[in-house]
There are 2 protein chains.
Amino acid sequence: MVVELVSVGTEILLGNIVNTNAAYLSEKCAGLGLSCYYQSVVGDNAKRLFDTIKTATERADIVILSGGLGPTEDDLTKETATKVFEKELFMDKKIKEQIQKYFAKRGTKPTDNNWKQAMVPEGAIAVENDNGTAPGIIMEKDGKRMILLPGPPNELIPMFEKSIVPYLEALQPGVIYSKTVKVCGIGESKAETMISDLIANQTNPTIATYAKTGEVHLRVTASADTEKEAKKLIKPVVKELKYRFEDAVYSTEEDVTLEQSIVELLKKNKLTVATAESCTGGMVAARLVNVPGVSDCLKVGYITYADKAKRKLLGVRKGLLKKKGAVSFEVAEEMAKGAALFSKADVTIATTGIAGPDGGSDEKPVGLVYIACNVKGKVKVKECHFSGNRMKVRESTVANALIFMRECILEYCNEMEYTRQGK
Amino acid sequence: MVVELVSVGTEILLGNIVNTNAAYLSEKCAGLGLSCYYQSVVGDNAKRLFDTIKTATERADIVILSGGLGPTEDDLTKETATKVFEKELFMDKKIKEQIQKYFAKRGTKPTDNNWKQAMVPEGAIAVENDNGTAPGIIMEKDGKRMILLPGPPNELIPMFEKSIVPYLEALQPGVIYSKTVKVCGIGESKAETMISDLIANQTNPTIATYAKTGEVHLRVTASADTEKEAKKLIKPVVKELKYRFEDAVYSTEEDVTLEQSIVELLKKNKLTVATAESCTGGMVAARLVNVPGVSDCLKVGYITYADKAKRKLLGVRKGLLKKKGAVSFEVAEEMAKGAALFSKADVTIATTGIAGPDGGSDEKPVGLVYIACNVKGKVKVKECHFSGNRMKVRESTVANALIFMRECILEYCNEMEYTRQGK
């Protein structure tokens, strides 16, 4: 079944608020196996709203509208949606009572325009709103359905979870199931080239790629009569992807981030970590601290943006800073070593680079970054060249530092494994 | 002139990402005096994309498309938009060279599909992308215009600011001129109440408020025949806003961020700074490092997420940690003092809090945060209660730490001024 989202509100068109409702509803609908081909945003204007709803009902089986259910004259969604389905509005006594109760509870009285919210289209289901006065509405005509939800996320989300999800589940014949293979350190183009044969021949399941800085997520989606069947369809594809991308796959779990997979890797191998950051100024550590419970392995972070801090906190030699410059292979190396010496952490990661916009030269241009990683005394240094503005260079550095750290830890673990097996 | 936004990407329809580009573009277009009546989202499907673009070009003067300019087969925006305008695509040698350079700089080679990005519709303007390989496109047909932008916000925003804003400004009769009064430490509702009389009576200039974590931006926009006239209209309103919000105004410059205003304040008063972070894990320092040239005042940052690090690096007493807990008024105070002692910085800022999801108790719930700021030996501590998930709590902490630090520095400066004047 096909669903379409229509968000109503001039504040979205003016950019005053971000349309997080649409993201929430899209994700929920995808999870329920509904296909969504269009989302629209339209303001509180009767003609444009009518046209948008009309078009949506022609294209989709279910149209979910959010916003415009308030008590003011601006709020037109219910009235307009009712017109599109050529119905009439009636006062719903139960809703009227609920509104009275809602205000009584707060020790205030409803204003006249609040009764507008008790009007319900003929034959429609009024959905209780636990967190506000506007009820949701579900209505149907000739096999087409409209679901009207209040705009505030703290009303919309609980209503959707409690009442709309069960309603939509009951409409569905089969299930859609997805699994995401998360890859790091490989660009989107290269990743797609590596699986172009799989993509070319895909029907069910399908593979879609999503790129983010330093990562590519490969989402495998299957539809089937039961979840069990869908999972069975997905399994060999996920296996093949894991085979092709080997160690670059850091997770196949929906909610596991790169930093989380690194923290898990550290914990599993009983390793502690410390950071020593120059150009990233704390961003690498902040990523690790995204993970709850990181205190078990994160010993300390040093932010040594100034040369003096590099010397004092990490023991980088003054002569070396002078001779090679703060942005150099050697200084990165000493930063990682110094961090290990002073923190006693097993793994240390150091960044130093020219983030710009100033400070670049022909020899050392903006975007030149060195990342050093020390695992139990073995230090590796990577030279990188990033483009973009100051923030872009720093974000690329953070992603690459995490990926590099992960590679170094994996290498160490493999060596340990090799030694243990006595080979 | 009427603008319409079309966002292209299956990841938006699936709810994998929130459509922040649409909010950004809407806000910018409103600021430029363009009316926006519709926003749409459509996936990477040739037929639906064609229909959506076609409809948009019929309804609006300017259609701004974002996303779908990548190198893969999925990316159809340019090809489809070109078809709607009945044009052909040609290889643009300049863009091809730029792509070659982009990859050469990284020491890698473009894959075959990267050349797709060098194709430009006949008669179109290719807009340079400083942060990626996909150029933007501006094209025109029979008085209708399309502007194609890359999807990643870190490519879209700089391109829009640098190249699209001047292009759109040049299309407008008369001028629209805006100035933004940036306020920190005051909530949006309170800010609106403080200027409700100004908002109620506004015609030209208008005042619009935009809220972001810890900040409210008051955008004053005037339209006039010349820039000089528009500026003249804006001047008294900006003056009034500065009068009402006093010290809470940190800038009236478009490109000055809160952290930048703080770094300028530090430099102006020849003060150095150091950070000591627990729950924010480097995010406060990272904000300061957003500012180029921060090395003049940022001495060092300590990330002391673990208790042991608080003791070792900042000298927080073991007994105090045990007695009061890491998240306490007293520990925050000692962190700020310790950071000052060890770094010799004039200003130190410390954060410690329960970011969740675990670690909360009845006495100390998730969201409880202490922020301490020391300016030249005088320490102040602030207790905060934030809501939301782990990231939200940490982001609120960062914003409030910066605002608190700014207040403490201003207070110190005012006292100095007072002393100097011999009062």
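**Close-up 1. Helix 12 and helix 14 of chain A cross at roughly 40 degrees.** The axes of helix 12 (307-314) and helix 14 (residues 329-343) of chain A come within 9 Å. That crossing makes helix 12 of chain A oblique to helix 14 of chain A. Angles under 35 degrees count as roughly parallel, over 145 as roughly antiparallel, 65 to 115 as roughly perpendicular and the rest as oblique. Helix 12 of chain A brings A:Lys310, A:Leu313 and A:Leu314 to the contact. Helix 14 of chain A brings A:Glu334, A:Met335, A:Gly338, A:Ala339 and A:Phe342. By class, the residues of this contact divide into 5 nonpolar, 1 polar and 2 charged.

The model is predicted: local features need pLDDT of at least 70, side-chain atom pairs count only at pLDDT 80 or more, and totals for chains, interfaces and linings use all residues. Residues are numbered from 1 along each chain as its sequence is written, while chains are lettered from A and ligands numbered from 1 in the order in which they are written.

A few terms serve every view. Helices (H or I, at least four residues) and strands (E, at least two) are DSSP runs, numbered from the N terminus. Axes are lines fitted to C-alpha atoms, for helices over the stretch in contact, and angles run from 0 to 180 degrees between N-to-C directions. Residues are in contact if their C-beta atoms, placed from the backbone, lie within 7 Å. Ala, Val, Leu, Ile, Met, Phe, Trp, Tyr, Cys and Pro count as nonpolar, Asp, Glu, Lys and Arg as charged, and the others, Gly among them, as polar. Two strands pair if DSSP finds at least two bridges between them.

**Close-up 2. An open sheet of 12 strands takes in strands of chain A and chain B.** The order is 6(A)-7(A)-8(A)-3(A)-1(A)-2(A)-2(B)-1(B)-3(B)-8(B)-7(B)-6(B), with mixed pairing. Strand 6 (125-127) of chain A and strand 6 (125-127) of chain B stand at the edges, each with a single partner strand, so one side of each has no neighbour in the sheet. From one strand to the next, the twist averages 15 degrees. Strand 2 (residues 35-42) of chain A pairs with strand 2 (residues 35-42) of chain B in the antiparallel sense, over 5 bridges. Here A:Val41 stands opposite B:Gln39. Helix 2 (residues 20-31) of chain A lies across strand 1 (2-8), strand 2 and strand 3 (62-66) of chain A. Helix 2 runs at about 170 degrees to strand 1 of chain A.

**Close-up 3. A hairpin links strand 7 and strand 8 of chain A.** Strand 6 of chain A pairs with strand 7 (residues 136-141) of chain A in the antiparallel sense, over 3 bridges. A:Val127 has A:Gly136 as its bridge partner. Strand 7 also pairs with strand 8 (residues 144-149) of chain A, in the antiparallel sense, over 5 bridges. There A:Glu140 is partnered by A:Arg145. The hairpin leaves 2 residues between strand 7 and strand 8, and A:Asp142 in the turn has a positive phi of about 50 degrees.

**Close-up 4. Four strands of chain A form an open antiparallel sheet in the order 10-11-9-12.** Strand 10 and strand 12 (249-251) of chain A are the edge strands, each pairing on one side only. Neighbouring strands are turned by 35 degrees against each other on average, direction ignored. Helix 9 (residues 227-245) of chain A packs on the sheet and touches strand 9, strand 10, strand 11 and strand 12. The direction of helix 9 makes about 15 degrees with that of strand 9 of chain A.

**Close-up 5. Strand 11 (residues 215-224) of chain A is mostly covered, with 8 of its 10 residues buried.** A residue is buried if 20 or more other C-beta atoms lie within 10 Å of its own, exposed if 12 or fewer, and partly exposed in between; C-beta atoms are placed from the backbone. Strand 9 (residues 175-184) of chain A joins strand 11 through 10 antiparallel bridges. A:Lys182 faces A:His217 across this pair. Strand 10 of chain A joins strand 11 through 7 bridges, also antiparallel. A:Ile207 has A:Val220 as its bridge partner. In the hairpin of strand 10 and strand 11, A:Gly214 takes a positive phi near 80 degrees.

**Close-up 6. Strand 14 of chain A meets strand 14 (residues 298-303) of chain B.** The two strands run antiparallel and share 3 bridges. A:Tyr302 is the bridge partner of B:Tyr302. The chain contact takes 60 residues from chain A and 65 residues from chain B. On the chain A side, 30 are nonpolar, 21 polar and 9 charged.

How values were computed:
Contact = placed C-beta atoms within 7 Å.
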